[in-house]
Each structure stands twice: as C-alpha cells, then as structure tokens.
Amino acid sequence: MAERWYKRAVIYSVEVDAFQDSNGDGVGDLRGLISRLDYIAGLGATYIWLNPIHPTPGKDDGYDGTDYYQVDPRLGTLGDFVDLIDAANDRGLRVMLDLVINHTSDQHPWFQASRRSRDSSLRDWYVWSDEEPAHKDEGAAFPGEQHGTWTKDRRAKAWYFHRFYDFEPSLNHANPAVWDEIRRIVTFWLHLGVAGFRMDAAPFSIEHPDPRTGSASRDYDRLRDIRRWLSWTQGDAIVLAEANVPDDEILRYVSSGHDNDDRLHVLFNFRLNARIALALARRDVRPIVWALDTAPQLPENAQWATFIRNHDEEDLSQLTDEERDEVFAAFAPEESMRLYGRGIRRRLAPMLGGDRRWLELAYSLQFTLPGTPILRYGQEIGMGEDLRLKQRDAIRTPMQWSDAINAGFSTAPADRLIRPVIAEGDFDYRRINVAAQRRDESSLLLWMSRLLRTLRECPEIGDSSCDVLETGIPSVLMHRFTGPHGAMLFLHNVADIPRTVDVTRALTAEDAPSESFADDDYGALPQPLVTLPINGYGYRWIRLRFVP
Ligand code: BGC
Ligand code: MG
C-alpha cells in the first residue's frame with residue numbers, strides 16, 4: 001500500500017561525487033550510482049536522498065548551485081538522471097533531491113545579473129541594502145568560518161544578505177517572482193520522477209531579513225504552497241524539512257494549526273539526535289526519555305526522520321553548555337574534531353572508538369525510535385573520518401568498496417580524486433570495505449542488512465504510537481509500539497553492564513511475545529515472561545503481536 005509510504009521508508013543518504021566514479025575522472029557520478037543501486041536495495045533501504053547534484057563551483061559541496069535545471073557535468077547529464085530514476089524505480093527505490101532555495105552560488109547568472117545593475121529585472125531576486133546594515137556581523141550559520149551575514153558588493157555598490165557563506169547570497173523570499181521560479185524548479189524535478197525533496201535550511205528559506213533591525217520574519221504559508229505544488233504534480237511526493245528550531249516553532253513546518261497537515265511532511269529530528277548523543281556519552285537513557293516525553297505532537301500525516309549522523313557536523317546546539325561539554329569530552333576530545341563551537345565533525349564509528357557492540361547498540365536505538373530512519377553511506381560498514389580535510393569534508397570521503405586502488409571508488413590517479421580515500425589507521429579502506437565485509441558473516445555490513453530487513457517487518461516504528469516504560473535502571477530504555485499492524489517491545493542498554501529488566505508493565509494479556517532481533521542469542525523467552533536479561537550494550541527486539 002503506497003499510502004503514507006514515507007512512514008515505512010528507510011532513507012539512504014548519498015553524496016554522488018563520493019560514492020562511485022564510473023568514468024575514471026576521480027568524481028563519483030550518476031552512472032556510478034546506478035551501478036550500485038542493487039547494493040543499496042540489497043541493504044534494505046527504500047529511499048535514496050542525494051545531496052545537491054547541480055552545477056556548482058563546489059565551495060560548499062554543491063550547496064552553492066549555479067543552475068537548478070541541470071546536473072553538474074562532472075556527475076552526468078539529465079539523461080543519466082532519467083536513467084537513474086528508471087533504474088531506481090525498477091528496484092522499488094525512490095529518489096529524493098536536495099532543494100536548496102535559501103540561496104544560490106554568487107556565480108549563479110541570477111546573482112551576476114542582480115549585482116550588475118539596479119535596473120535588472122533580477123535585482124530584487126536577492127536581498128540588497130544601500131545602507132550599511134546595523135547588525136551585519138550577527139546571525140552567521142557557520143561561526144568561525146563566516147564573517148557576518150551582510151557583505152558589501154563593490155560592483156552593486158550595496159550590501160547583500162547571506163545567511164551562510166558570503167559566496168551564497170540569499171534569495172529574496174519576499175519576492176513573488178522568486179517563488180514562481182521555485183515552483184518551476186520543484187515541478188521540473190517532479191516531472192523527471194523524484195519522489196520528494198529535502199528542503200535545505202527551511203527556516204531561512206522562508207524568511208525576510210530586515211537590514212535596519214537585524215530581525216527576520218518567517219512566512220510559513222510558503223510551505224503550504226510547496227505542499228500544494230507537490231500534490232498537484234505528484235500526489236505522493238513529500239518534503240523532508242531541515243529545520244533545527246526550538247520546540248515552540250517546529251510544528252509550524254508541518255501544520256498551520258488545528259491539527260491540519262497542510263505544510264511539509266517530514267522533519268529531521270534534531271532534538272532527539274542531540275539527546276541520543278548525550279545519552280550515549282552519559283550511558284544514561286534519560287535524555288532520550290525526556291526527548292520522547294516532551295516531543296511536540298505531530299499531526300497524523302506528519303513524520304519525524306531519525307538520524308544519528310548526517311553530512312554536516314553533529315549539531316549539539318540544542319544542548320546546554322555543560323551537556324555539550326560532556327558530549328565533546330566523550331566523542332570529540334580534540335579541538336580539531338569540533339566545529340563552529342557547537343558540533344563534531346566525525347563519523348559515528350570512530351566516535352565510539354570502533355567498538356562494535358557500542359555501534360550496534362547505537363544504530364539499534366536510532367532505528368527503533370519513532371520515525372523514519374536515515375542511514376548515511378558508509379555507516380553500514382563503519383567508515384571513519386579524515387580530520388586533515390577542511391571542516392565537514394572530513395566525513396565526506398569516498399565510499400570504501402574494496403581493497404582495490406582508491407577503495408574501488410575510482411580508477412583515477414589518487415591525486416585527482418574529489419577527496420582522498422582514507423588510507424591509514426583503523427579505518428583504512430584496506431580494513432574497512434564492502435567486499436571484505438560481504439565475505440564475513442559477522443561483519444557490520446551483514447548485521448546492518450539483517451537489522452534493516454527486520455525493521456521493514458516492523459512497520460509499527462514508523463507508524464504507531466510509542467510508550468516509554470519505566471525500568472528503574474538509568475541505562476536501560478524500554479519502549480513499546482502498539483498500532484494496527486501489531487505491537488513491538490524494545491529494550492536497549494546504553495551502558496556496558498549487564499542488567500535484568502522487569503518487563504511486566506510493558507505487556508498485556510493479548511501479547512504473544514517472540515524475539516525478532518537481538519545482540520546475542522538469549523535463548524527461548526521465559527514463560528511466563530516477567531524479567532529479561534540484557535547484556536552490556538545489549539538490545540532486544542520483541543514482537544508482541546502480529547496482525548496478518
Ligand atoms: C546543509 C549544509 C550546507 C548549508 C548551506 C545546510 O543546512 O545541510 O551542508 O552547507 O545548508 O546550504
Ligand atoms: Mg566520474
């Protein structure tokens with residue numbers, strides 16, 4: 001049943017330029033991705049999210065685009081894109097694109113025209129101020145890497161607004177002509193067959209900054225417009241919004257109020273993401289319990305997307321200074337591992353010291369918390385980061401396919417690769433790669449595909465109500481989903497000390513428990529079921545009810 005398919009999806013996030021190069025130029029491309037679709041489908045993912053694929057000077061890894069209607073020539077052509085959609089759909093996979101409408105590259109022809117002349121019809125497509133803005137040094141999204149949010153353009157003889165880098169001028173979201181163009185962009189890609197978009201920087205993409213006061217107002221009804229264009233063009237397409245905003249604002253991205261679901265469909269769960277990091281650092285699940293107990297209540301058709309790491313820094317800005325310091329101390333002890341004063345530029349496997357049991361626990365936890373899970377390429381094999389690369393590039397190194405030259409990513413000379421392959425230390429591609437893990441029954445890769453297969457038989461996680469049950473043990477989370485498809489019980493122990501959990505309060509008389517996935521062979525479930533043992537860093541998935 002395709003209805004609300006996104007509540008049962010497993011998202012796989014791919015950086016096309018770092019995934020698979022098909023033509024030996026050192027840059028991953030669409031044909032390379034096509035050749036790896038069986039791998040992604042085989043893993044158990046259903047929905048592929050591509051980071052930006054448009055032409056770009058590449059100063060922000062493609063988030064600085066110069067043409068919304070084209071594919072970066074290094075990645076392929078529009079024809080290749082259509083082939084990708086066909087090949088993906090053949091395998092039951094859907095494709096999602098990044099939609100970056102907050103800004104363009106300063107090299108975009110629109111900006112070039114806008115700065116050239118006050119008389120240009122594109123002048124008002126960007127945000128200009130003739131006077132020096134009062135708060136020009138405030139509001140930077142990348143503190144330490146970016147100076148302020150207004151920059152003087154000598155050519156235009158005016159100041160332009162940029163929420164991100166100065167080479168990413170913000171579009172003027174108060175201009176209806178800009179929204180007309182956005183509608184065209186969205187419709188264009190829907191017609192080419194995408195199943196939705198990740199809306200980059202959603203809060204900033206609907207705001208109108210005021211150069212005099214330094215404040216910005218947000219026009220949430222624009223989100224409803226996007227929703228409408230989607231419904232008219234392709235009814236089941238969705239938007240996943242990147243909105244790392246406070247609790248009292250978040251619901252506005254999905255609903256205009258009164259429980260309407262008339263805005264966007266899915267929200268990255270940043271509030272939960274930061275609390276997972278804190279819980280792992282503390283070996284105490286209470287931050288997660290708090291995040292679940294206090295979660296803003298989404299309207300019925302809206303959804304959370306759960307993630308443990310993404311293509312950016314691990315963003316801890318929602319934590320208090322003390323909490324953030326605890327997470328830094330545990331997972332980013334060196335200054336070079338931190339970024340923008342708020343985040344961690346590492347992948348999960350090295351953050352957890354390569355500890356296989358701890359990694360499994362972390363992923364099991366993420367994938368069973370309410371929402372649609374996202375897996376980023378390379379997580380399934382436990383890839384590491386390269387801290388010599390600048391900023392977030394550290395976690396964007398090429399996929400490690402095998403122990404062949406350049407990890408099987410490309411046949412180009414190593415110095416021509418888009419980014420270097422990790423070739424030393426514990427995460428060296430000769431140790432960590434897909435081919436080796438495929439041969440190894442006990443590998444993380446095969447474990448992950450088992451997890452995903454089991455997960456897909458647990459639609460409750462994406463689509464039913466979740467209750468957190470008291471265990472009296474700070475390191476153990478017990479949560480239960482009950483819905484029309486059945487019921488599931490999950491136990492997770494975030495500390496490395498075995499425990500025994502009283503599960504009686506989680507069970508009802510109609511339940512018929514059986515174990516579907518666990519970190520260990522715990523043997524047959526005791527009858528009657530009163531307590532269950534759980535290993536240090538253990539996890540147990542117990543099916544309570546199944547509705548055929
Ligand atoms: C993306 C970043 C990007 C920024 C500017 C973010 O929210 O996730 O990777 O640098 O937007 O487009
Ligand atoms: Mg290539």
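Okay, let me start with a cysteine: Cys-458 is buried, at a relative accessible area of just 4%. Keep in mind that we're looking at a predicted model here.

So what is the sulfur of Cys-458 doing, and which cysteine sulfur is closest to it? That would be the one in Cys-466, 13 Å off, and that's too far for a bond. Cys-466 isn't in a disulfide either, with the sulfur of Cys-458 as its nearest cysteine sulfur. A disulfide would need the two sulfur atoms within 2.5 Å, so at 13 Å this pair doesn't make it. Cys-466 is partly exposed, by the way, with a relative accessible area of 26%. And how many disulfides turn up if you search the whole structure? The count is 0.

Okay, on to the metal. The magnesium ion, ligand 2, has five residues listed around it: Asp-21, Asp-25 and Asp-29 each come in through OD, Asn-23 gives OD1, and Val-27 uses its O. The distances run from 2.2 to 2.3 Å. If you read the donor residues along the sequence, the spacing is D-x1-N-x1-D-x1-V-x1-D. Two of those donors I checked for accessibility. Val-27 is buried, with 7% relative accessible area, and Asp-29 is buried too, at 3%.

Now some backbone geometry, and I'll begin with a peptide bond. Going from Gln-527 to Pro-528, the bond is cis, with omega near -10 degrees. Where does Pro-528 sit? You'll find it in the loop that runs between strand 21, residues 514-518, and strand 22, residues 531-534.

Then there are a couple of residues with positive phi that aren't glycines. Take His-258: its phi is about 50 degrees, and it's no glycine. On the map, His-258 is in the loop between helix 7 (247-250) and strand 11 (266-268). Buried or exposed, then, for His-258? Exposed, because its relative accessibility comes out at 79%, and the cut-off for that word is over 50%.

Gln-391 also has a positive phi, of about 40 degrees, and again this isn't a glycine. Gln-391 is in a loop as well, the one between strand 16 (372-376) and helix 13 (434-439). Here the accessibility is 14%, so Gln-391 counts as buried, given that buried means under 20%.

That's my tour. If you have the model open, go and look at Pro-528 in its loop, and then at the ring of names around the magnesium ion: Asp-21, Asn-23, Asp-25, Val-27 and Asp-29.

Notes:
Residues are numbered from 1 along each chain as its sequence is written. Chains are lettered from A and ligands numbered from 1 in the order in which they are written. This is a predicted model: local features need pLDDT of at least 70, side-chain atom pairs count only at pLDDT 80 or more; totals for chains, interfaces and linings use all residues. Side-chain values use heavy atoms; hydrogens and water are left out. Buried means under 20% relative accessible area, exposed over 50%, partly exposed in between (1.4 Å probe, protein chains only). Helices (H or I, at least four residues) and strands (E, at least two) are DSSP runs, numbered from the N terminus. Donors are N, O and S atoms within 2.8 Å of the metal (3.2 Å for Na, K and Ca); water is not among the atoms, so sites may look incomplete.
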